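Here is an informal walk through the side-chain contacts of one protein chain. Have the coordinates open while you read.

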Amino acid sequence: MTATLADLRVQIDALDNQLLTLLNQRALVAEQVGEVKKREGTPFFRPDRVAQVIEKIQQANKGPLKNEHVAAVWREIMSACLALESPVRVAYLGPAGTFSEEAAVRFFGSSIEHIPCANFDEVFRAATAGTADFGVVPVENSTEGVVSRSLDLLLNSPLHIVGEISLMVRHNLLRLTDSLDNIEAVYAHPQALAQCQGWLSAHLPHAERHAASSNAEGARLATTNPAWAGIASDRAATQFALHTAAHGIQDDAFNRTRFAVMCLPQTLPAPPASGRDCTSLVVSVPNRPGAVHDILVPLKHHGVSMTRFESRPARSGHWEYFFYIDLQGHPSQDHVKAALADLQQLCAFYKVLGAYPISD
């Protein structure tokens, strides 16, 4: 080791000690904040407050650290401090290693109480019953469209959406050996199988495709038979000690999945307007000519942009449908408030699923 390198490492060690001292000072103040929140009965976790703190830090950042790296560091700092106040319990589709778990960690930070669930129904049940404070579920994929089960559960759930997180999804083929030879079956969530069907047809045309409850479960199954493979994330490869036989096998190189963060209103009320918000709602209209057209008129009249419009069967047996709509803006804004009021008058069923900041 050169003298110069040794000197620089001494400087880094000294700075690390200073950082540790400051972080512990911050943690002590966070504990005091937690005591105040307990007395006042206010929510411990507020995503709008996290976003405000990170935005201020990024504005003050003069480099050389990039803003996205600063945001990741501060999210972890705030997550660790919040765990001292009151650990946040988050339910998501498990087991460990799923993209849902990654989305939960990206949104809340690593210092959460993980509650992996066997399916989407269990995620909703945990957040509704109070076993978890929040639930995280995928709602839309850039390749395969909406996640229908999540939308169906949101329809009748008391939970509301308070945030979202969008992940770039890279699917990898995982197995016990680092080879594509002699693969008889591939296991993954149906969405992942659909997102990789072109690659699978080209490279493993004779392998059977089997649906699993999650990609991580597919990876776990791959550990039980050398002739089986799973489609899952880098996180799952590490979790289950599997080789990555092929990287990035999704058919769309820019494949993204959008996840909703949900909770009971008493756990966290709707976040205030941030200036970059989405309002999600579900409606149905009387079965008459022009009814769907009519519900779009208030949006145009009040200048509200619609970013998503999806239909799902009402399962009434009468060919009726629910329409899931995402709007730009927040209900506290006058033009959005007016559009929603007019829209509600035209609907046989109307429910706001949530109003929350848009994910980057």
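## A buried acid and its surroundings

Aspartate 277 sits in strand 12, which covers residues 277-284. Keep in mind that this is a predicted model. Which side chain of opposite charge is nearest to aspartate 277? That would be arginine 276, but it is 8.2 Å away, and aspartate 277 has no salt bridge even though it is buried. What the side chain of aspartate 277 does have is a polar atom 3.1 Å from the backbone nitrogen of glycine 275. Leaving aside neighbours within four places in sequence, aspartate 277 is in contact with Pro272, with Leu327, Gln328, Gly329 and His330, and with Tyr356, Pro357 and Ile358.

Asparagine 172 is another polar residue to look at. You'll find asparagine 172 in strand 6 (residues 172-175). Is asparagine 172 buried or exposed? Its relative accessibility is 1%, so it counts as buried. The side chain of asparagine 172 makes a polar contact with the side chain of aspartate 234 at 2.8 Å. Again skipping neighbours within four places in sequence, the residues in contact with asparagine 172 are Gly230, Ile231, Ala232, Ser233, Asp234, Thr244, Ala246, His247, Gly248 and Ile249.

## Salt bridges

How many salt bridges does a search of the whole structure find? The count is 15. Here are three of them, with the closest N to O distance for each.

| Acid | Base | N to O distance |
|---|---|---|
| aspartate 133 | arginine 89 | 2.8 Å |
| aspartate 152 | arginine 312 | 2.7 Å |
| aspartate 294 | arginine 288 | 3.1 Å |

Take the salt bridge between arginine 89 and aspartate 133. This pair links distant parts of the chain, 44 residues apart: arginine 89 is in strand 1 (residues 89-93), while aspartate 133 is in the loop between helix 5 (120-129) and strand 3 (134-141). Arginine 89 has 25% relative accessibility, so it counts as partly exposed. Aspartate 133 has a relative accessible area of 18%, and since buried means under 20%, aspartate 133 is buried.

The side chains of aspartate 152 and arginine 312 also meet in a salt bridge. Here the two partners are 160 residues apart, with aspartate 152 in helix 6 (residues 148-156) and arginine 312 in strand 13 (residues 306-313). Both aspartate 152 and arginine 312 are buried.

As for the salt bridge between aspartate 294 and arginine 288, aspartate 294 is partly exposed at 25% relative accessible area. Arginine 288 is partly exposed too, at 39% relative accessibility. Elsewhere, salt bridges with shared partners join Glu140, Glu164, Arg258, Arg308 and Asp326 into one network.

## Aromatic pairs

A pair of aromatic rings is described by the distance of the centres and the angle of the planes. The structure holds eight aromatic pairs. In one of them, phenylalanine 45 and phenylalanine 134 have ring centres 5.6 Å apart and planes at 80°, so the pair is edge-to-face. Phenylalanine 45 is in the loop between helix 1 (3-40) and helix 2 (47-60), and phenylalanine 134 is in strand 3, so the pair ties together parts that are 89 residues apart in sequence. Phenylalanine 45 and phenylalanine 134 are both buried.

Phenylalanine 309 and phenylalanine 323 make a stacked pair, at 5.2 Å centre to centre and 25° between the planes. With phenylalanine 309 in strand 13 and phenylalanine 323 in strand 14 (residues 321-328), this pair ties together parts that are 14 residues apart in sequence. Phenylalanine 309 is partly exposed, with a relative accessible area of 30%, whereas phenylalanine 323 counts as buried at 10%. Ring pairs also link Phe45, Phe107, Phe108 and Phe134 into a cluster.

## Nonpolar cores

In soluble globular proteins, nonpolar side chains tend to be buried together. In this model the largest nonpolar core has 29 residues, and those with the most contacts inside it are Ala91, Phe124, Val137, Leu154, Ile161, Met262 and Tyr324. Which element gives the largest share of this core? Helix 5 does, with five residues.

Among the contacts of tyrosine 324, beyond neighbours within four places in sequence, are Leu151, Asp152, Leu155, Arg308, Phe309 and Arg312. There is also a second, separate core of 26 residues, including Val90, Phe99, Phe108 and Cys263.

Methods: Residues are numbered from 1 along each chain as its sequence is written. This is a predicted model: local features need pLDDT of at least 70, side-chain atom pairs count only at pLDDT 80 or more; totals for chains, interfaces and linings use all residues. Side-chain values use heavy atoms; hydrogens and water are left out. A salt bridge is a side-chain nitrogen of Lys or Arg within 4 Å of a carboxyl oxygen of Asp or Glu. Helices (H or I, at least four residues) and strands (E, at least two) are DSSP runs, numbered from the N terminus. Buried means under 20% relative accessible area, exposed over 50%, partly exposed in between (1.4 Å probe, protein chains only). Rings of Phe, Tyr and Trp (its six-membered ring) pair if their centres lie within 6.5 Å; planes under 30 degrees apart count as stacked, over 60 as edge-to-face and the rest as tilted. A polar contact is a pair of N or O atoms within 3.5 Å; within protein, one must be able to donate a hydrogen and the other to accept it, and residues adjacent in sequence count only if both atoms are side-chain atoms. Contact means heavy atoms within 4.5 Å. A nonpolar core is a set of buried Ala, Val, Leu, Ile, Met, Phe, Trp, Tyr and Cys residues joined through side-chain atoms within 4.5 Å. Lys and Arg count as positive and Asp and Glu as negative; His and the chain ends are not counted.
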